[in-house]
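Here's a short problem set to work through with the model open in your viewer. Try each task before reading its solution.

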Amino acid sequence: MLAMSINMLHKRCVVIGGGSVAERRIKTLLQAQAKVEIISPRVTETIRTWSEEQLLTWHQQAYVPGCIGVASFVFIATNEHSVNEQAAKEARSQGALVNRADDHRDCDFTMPSVVTLGDLHMTISTGRSSPRMNALIRCDLEQRYQQVASILPILNTYRQEVKQLLLTASEREAFWRAQLGPREFNEILAGNWQQVEETLNHAISGIRTKS
């Protein structure tokens with residue numbers, strides 16, 4: 001598998017199935033502003049609400065060959081293996097990438113857990129080896145990196161200033177390697193950002209003086 005982030009804005013995504021697994025997939029797709037269509041005779045109350053709010057299009061029917069159409073991604077999550085297999089074949093024949101909830105070996109892509117803390121986005125996957133461990137790692141990351149996430153906007157401000165002061169990429173890389181290394185990172189994790197920031201301000205002031 002190749003890890004990447006995809007801009008899902010307005011991309012047509014078809015979800016086949018209307019249960020809890022489909023609901024989790026749809027929630028992620030809506031957050032990414034994808035164009036979501038669901039094919040299922042029955043859906044959860046949450047999915048029904050999303051449909052009533054016109055956040056997605058619900059085709060209230062069971063899957064039948066020919067009903068998928070052209071889509072960027074197709075998520076298949078019914079309880080019938082034969083239906084899932086047939087839907088996957090049809091989706092691929094239309095050029096779509098497929099994710100099957102019942103058979104990870106027949107997936108063109110997977111949906112890792114995502115931790116979002118402000119501008120910090122982290123994905124987690126244990127390759128289906130241990131969903132429980134996946135959940136524990138997610139919880140650990142959410143707690144451990146709160147401090148890092150909170151200072152990212154501040155670091156971006158410093159980054160823009162350094163760009164103005166140091167005109168070459170090699171100079172900027174050398175500066176950040178010197179000022180933000182493993183020791184500083186551990187200090188940030190320990191809640192000592194102010195100390196790191198003081199040192200950073202001093203270093204930037206030195207560049208201004210030389211300029």
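## Exercise 1: a helix on a sheet

Helix H3 (residues 81-93) lies across S1, strand S4 (73-76) and S5, and runs at about 165 degrees to S5. Keep in mind that this is a predicted model.

**Task.** In which order do the 5 strands of the open sheet come, and which strands stand at the edges?

**Solution.**
- Step 1: read off the order, which is S3-S2-S1-S4-S5, with parallel pairing.
- Step 2: look for strands with a single partner strand. These are strand S3 (57-59) and strand S5 (97-100), so each has one side left without a neighbour in the sheet.
- Step 3: check the twist. Neighbouring strands of this sheet are turned by 20 degrees against each other on average, direction ignored.
- Step 4: zoom in on one pair. Strand S1 (residues 12-16) and strand S2 (residues 35-39) are joined in the parallel sense by 5 bridges. Within that pairing, Arg12 sits opposite Lys35 in S2.

## Exercise 2: the hairpin

**Task.** How do strand S6 and strand S7 run, and how many bridges join them?

**Solution.**
- Step 1: strand S6 (residues 113-117) and strand S7 (residues 120-124) run antiparallel and are joined by 5 bridges.
- Step 2: pick out a bridge. Leu117 has Leu120 in S7 as its bridge partner.
- Step 3: go to the turn. The hairpin of S6 and S7 has 2 residues between the strands, and Gly118 in the turn has a positive phi of about 65 degrees.

## Exercise 3: positive phi without glycine

Some background first: most residues other than glycine have a negative phi.

**Task.** Where do Gln33 and Gln54 lie, and are they buried or exposed?

**Solution.**
- Step 1: take Gln33, which has a positive phi of about 65 degrees although it is not a glycine. Gln33 is placed in the loop between helix H1 (20-31) and S2.
- Step 2: check its accessibility. Gln33 counts as exposed because its relative accessibility is 52%, and the cut-off for exposed is over 50%.
- Step 3: do the same for Gln54, whose phi is positive and near 60 degrees. Gln54 lies in the loop between helix H2 (45-52) and S3, and with a relative accessible area of 70% it is exposed too.

## Exercise 4: salt bridges and their surroundings

**Task.** How many salt bridges are there, and is Arg100 buried or exposed?

**Solution.**
- Step 1: the count comes to 12 salt bridges.
- Step 2: start with Arg100 and Asp102, whose closest N and O atoms are 2.9 Å apart in their salt bridge. Arg100 is buried, at 2% relative accessibility, whereas Asp102 is partly exposed at 34%.
- Step 3: move to helix H4 (residues 131-144), where Glu142 and Arg138 both lie, 4 residues apart, about one turn of the helix. Their side chains meet in a salt bridge of 3.3 Å, N to O. Glu142 is partly exposed at 29% relative accessibility, and Arg138 is partly exposed with a relative accessible area of 29%.
- Step 4: try Glu184 and Arg183, which form a salt bridge at 2.9 Å, N to O. Glu184 is buried at 10% relative accessibility, while Arg183 is exposed at 57%.
- Step 5: follow the shared partners. Arg92, Arg100, Asp102, Asp106 and Asp108 are joined into one network by salt bridges that share partners.

## Exercise 5: aromatic rings

**Task.** How many aromatic pairs does the structure hold, and which geometry class fits Phe175 and Trp176?

**Solution.**
- Step 1: the total is 4 aromatic pairs.
- Step 2: for Phe175 and Trp176, the centres are 5.1 Å apart and the planes stand at 85 degrees. Planes over 60 degrees apart count as edge-to-face, so this pair is edge-to-face.
- Step 3: check burial, where the cut-off is under 20%. Phe175 has 9% relative accessibility and is therefore buried; Trp176, at 19%, is buried as well.
- Step 4: find the cluster, which is made up of Phe73, Phe75 and Phe109.

## Exercise 6: domains

**Task.** What separates the centres of domain 1 and domain 2?

**Solution.**
- Step 1: take the bounds from the domain assignment, with domain 1 at 12-111 and domain 2 at 146-209.
- Step 2: compare the centres over C-alpha atoms, which gives 44 Å between domain 1 and domain 2.

Conventions:
Residues numbered from 1 in each chain as written. Predicted model: local features only at pLDDT ≥ 70, side-chain atom pairs only at ≥ 80, totals over all residues. Heavy atoms only, no water. Phe/Tyr/Trp six-rings, centres within 6.5 Å; stacked < 30°, edge-to-face > 60°. Buried < 20%, exposed > 50% of the residue type's maximum accessible area, 1.4 Å probe, protein only. Salt bridge = Lys/Arg side-chain N within 4 Å of Asp/Glu carboxyl O. Domains from an automatic or database assignment. Pairing = 2+ DSSP bridges. Axes fitted to C-alpha atoms, helices over the stretch in contact; angles between N-to-C directions. Contact = heavy atoms within 4.5 Å.
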